[in-house]
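Student: Could you take me through one part of this model in close detail? I would like to understand how its charged side chains pair up.

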Amino acid sequence: MAAECVPEGPDLKEMGEEDVWELINDNRHRISLGVKPCMLIPYLRQARVLTEMDEDEIISCLKLNNSSMRTSHMLDLLRIQGRNGAMALLESLMIHYPTIYTQVTGRKPSTEPSGFSGLIKYSDLTEYLVKALTGMQKELKEARQEASRLGSRCTSLEAQLGQTLERQEESRRLKADHGRMRKNLAAAHHDILKLKDEKCGLYARYTAVIEERSAANIHCSDLNLQVRVYQLQFELRKAQTETDYERQRSLKCTTPSQTQRLQEEISALRRQLLVAETIAPALGDILGQDLVEARDVHIELAEQLRCYREENEQLTRERQEMVEHKECLALQVQKLTLDCEMYQQKSTVIQSQLRELQAERDHACLSRDEAQAQNARSLAEKDTLRSANTEWKFSWESQGSSSDSLPSSPSPRPRLRRMHAICPDSDSVRGCNIKSRDITPSSVRSQNVEPPCPESLRTREKTLWYNRDSSETAECDVLLDNDFVFIPGGNEVEQSVMSNMPSCQSNNSDGLSRASAPPFLLRSRPRAMRITGRVLTISFQGEALLSQLQVVGGNKTGVFVHQVTEGSAANTVGISSGAQILEVKYEQAQQVLRMVLEDTTLEEARWALGQVRGFCHLSLRPNQDAYEKLLRQSGEAMSGDSFYVRVNMTLPGGSQDALSVSCNDILHVTCTLPAGADRSWRASHVHPCQLLDLKTGNLPNYYRAQRLLISAIEDMSIQPMALRKAQDKKKTVRIVSMGRQGRNPLWVCVEDSKDKRTGPGDASAPRGYLTLMPYTLVTPHYPPVCRPVLLLPTILGRVLDQKLAEWQGFQLCEPELLSSSEHAARLQSSEVLEECEQGGQWCYTLQSVERVMKQGTHCVLPLGLDCVRRLHRAEIFPIIIFIAQSKSRAARKLKSKVQRQGWSEEQQLECSRSEESLLDKLPCLYRIVSPDSWDDKTTLLTTLHSIILVEQKKIVWVEPDLW
């Protein structure tokens, strides 16, 4: 039933070479992990896609440490063989690994002869299948013997398992009792802690009451002391008064009347004293009442203080909540600020592009008006010359008729006609006055004398532009037109004009081969120009072309003519400063070569122009505004280069002006031919979060850096293993080849007009170190707010994905249940990232990742490396983090948790090594977490969180797909 549910994929015989290899590359990770090269090599050798040297290299190479690396290297070797290598690989998978074959192609494996591609003869295929069947029968017999042995072993193990289950049941019962006792102990401990807390509360209350009582006693003693002081003061004043009175009485004699008066005063004073003594107890009562009121006020104040403390605690909790809310708002503000900056940058770029488009549109309108005016003037001059030619022809015919013996009436003078402006025929020169009046003046090929109207000029321009492609495809045939003459060399023009050719010769011109035709032709007019829209094609003698003209600019601004040598062939044909060079054609070894210079660097342009030896064709475009803008920006002349590269090797800065770079650094190259630096580029480090240039210096150019890379690899091959491992930790070299294109993407494209399929990208091209790339082109991308997260190695990532998804701002990617038709359709459109291990139709899709990203959270991907290319095709750029393995205590604890999931330590190491070797094949940058940066699982998650926040702010640099 499982075989019937397999969806039928596309027919492999109908698929193209790139489609088949794209299908294999999408499943490269699965093939590298699940296939053993020794099983497939015999069939691949039989199919003649691998040689004996390739087999020795795959099996015996010391650099290939494990089976995954050998399988990956075997895929690279088969990739060079093109479609034959792909078909042979799929057929070997169909024979030896039918499950992987079904996962890769979506088709059921079949051993019918029609299911093979025919790389092996039928007899050889039958012999191979018989040998394979015999080997499988032997393996089946051995497997059955092993199964019988394992059966007996299983019986003994089942007996042991029964005993173990009994022990486990007893252990489970003991654990339950132990757990129950621990729960009782925990409950008792909780009660004890609760009683301790209550006791502490009572002690606190008792202490507060004692403090309040002591304060009240102190206040009462103070009041008693004040009362005692008042009494003593009163008694002191009384004694002083009596003493003064006795003193005065003893000093002077008083009359009886005075004595009587004094006695009355004394009695009055005694009465007042008695009143005062009766008042003192009332004052004590008043003070006691004041003490009671003071105690009540103290109790009220203590209650208010307790309420204030509770309010303070509540306010403290609210303050903490507000601080957390403030941090969340600050994070949102930061995200919105990043979004705003990104939108501002995009808006600035769009506005600048809009201004450039407006300027180009205005310049195009002016150029169009000038071209129309020039065309009208040219037509007027042609009409004048043709009128004079017609008059001369009629005068000659009149002279011939006058000399005739028989008198005849003069024929009427035919109306003056215009020849065809685009493609003149021989018949148009002769009498075609019959239908000349029927042709409207607005026609493109009007033969009337009057200049055409503006509609005719626009139609003529469109027709010229439409005929440009067809004229370019048959360039050599067009060069044999009757409006060209052959230029053998120098600046001399032969006087023989290939014009007025009869129609029979034009019909037989197809029989002429390209080798028999002259290599270069030139129009017979003074300046050899062919107008195709706004592009002018100029033909002249280009011997030592760089000595005739000097070029400036680069890939960002275009390559322009800066200076032209006086008296040179380029000056003779009218090339002037400010013209943009789009293309150059020349002959080399009897082949017409074509180089496109529209988007090349200054170094490439000068090299291409230096290859010209003899006659050449230059395609120019007048672009004076861009040329003047280049001169204003870079001064007297120089480079307009601007592109970004990723460095694949470590280059120490030797001299003072040399730029020190490390492997995987991003550089901005601004000049490929700096002054005073031979075979060097001018480059700058790039800010990781913005397109800003940092430190600037000189860098070896591509081919000098390639030689340095080859030397570094050779030095590494002869170094001892310990030193090599120490250098691997620093990552000094990243090996990247040109891929099957076989062409350097940083160099100019050279096309052969005779056979455009021949080139270094063919299967017959030699393989070697010349395909190594020290620099690779990269393009910047600005991802959305939250990028997906991919943790490697895959086995370790399965443990950390769940924990990381529990953090705020992260969510685990969930699989989708697809029907058979949906699964086949999405698998065909590369929307299925990976199938679940649990089987069925559960798959991780692009739509599930996009749904999580739209929520503004990071999507944690529980996937492997195969999903990266599919995500990049959908403009989704994940954050790739690789956790390096170590032998520390924390790493051993983490490995033990992985082993609980059913993975052994050997499988962990194998997965880590295989995926670490595949990291350099990724088209984007990645981060490696060193073992020294974390101690346990918590610190590891914290480190991952901080790395993700840092990587989210960075620009994503992506390499083009070299395959």
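Tutor: Happy to; what follows is a walk through the salt bridges. Please keep in mind that the model is predicted.

The structure holds 25 salt bridges. A good place to start is the pair formed by Arg 873 and Glu 22, whose side chains meet with an N to O distance of 3.3 Å. This salt bridge links distant parts of the chain, as Arg 873 belongs to helix α22 (residues 867–873) and Glu 22 to helix α1 (residues 17–26), 851 residues apart. How accessible are the two partners? Arg 873 has a relative accessible area of 38% and is therefore partly exposed. Glu 22, with 32%, is also partly exposed, since that class runs between the limits of 20% and 50%.

Next, look at a pair within a single helix. Glu 303 and Arg 306 both lie in helix α9 (residues 256–402), 3 residues apart, or about one turn of the helix. Their salt bridge brings the closest N and O atoms to 2.1 Å from each other. Glu 303 counts as partly exposed because its relative accessibility is 39%. For Arg 306 the value is 39%, so this residue counts as partly exposed as well.

Strands take part too. Glu 583 forms a salt bridge with Arg 594, and here the closest N and O atoms are 2.7 Å apart. The pair is described as linking distant parts of the chain, with Glu 583 in strand β7 (residues 579–588), Arg 594 in strand β8 (residues 591–596), and their positions 11 residues apart. The burial of this pair is worth a look. Glu 583 has a relative accessible area of 10%, so the residue is buried; the cut-off for that class is under 20%. Arg 594, at 26% relative accessibility, counts as partly exposed.

Beyond these pairs, there is also a network: Glu 170, Arg 173, Asp 177 and Arg 180 are joined into one by salt bridges that share partners.

For a view away from the charges, turn to helix α8 (residues 122–251), where Leu 225 is placed. Together with Val 229 and Tyr 230, Leu 225 makes a nonpolar surface patch of about 300 Å². Leu 225 counts as exposed because its relative accessibility is 54%, and the limit for that class is over 50%.

Notes. Residues numbered from 1 in each chain as written. Predicted model: local features only at pLDDT ≥ 70, side-chain atom pairs only at ≥ 80, totals over all residues. Heavy atoms only, no water. Patch = residues over 30% accessible without salt bridge, like charges linked within 9 Å, V, L, I, M, F, W, Y side chains within 5 Å. Areas by Shrake-Rupley, 256 points an atom, 1.4 Å probe, with all protein chains shown as cover. Salt bridge = Lys/Arg side-chain N within 4 Å of Asp/Glu carboxyl O. Helix = DSSP H or I, 4+ residues; strand = E, 2+ residues; numbered from the N terminus. Buried < 20%, exposed > 50% of the residue type's maximum accessible area, 1.4 Å probe, protein only.
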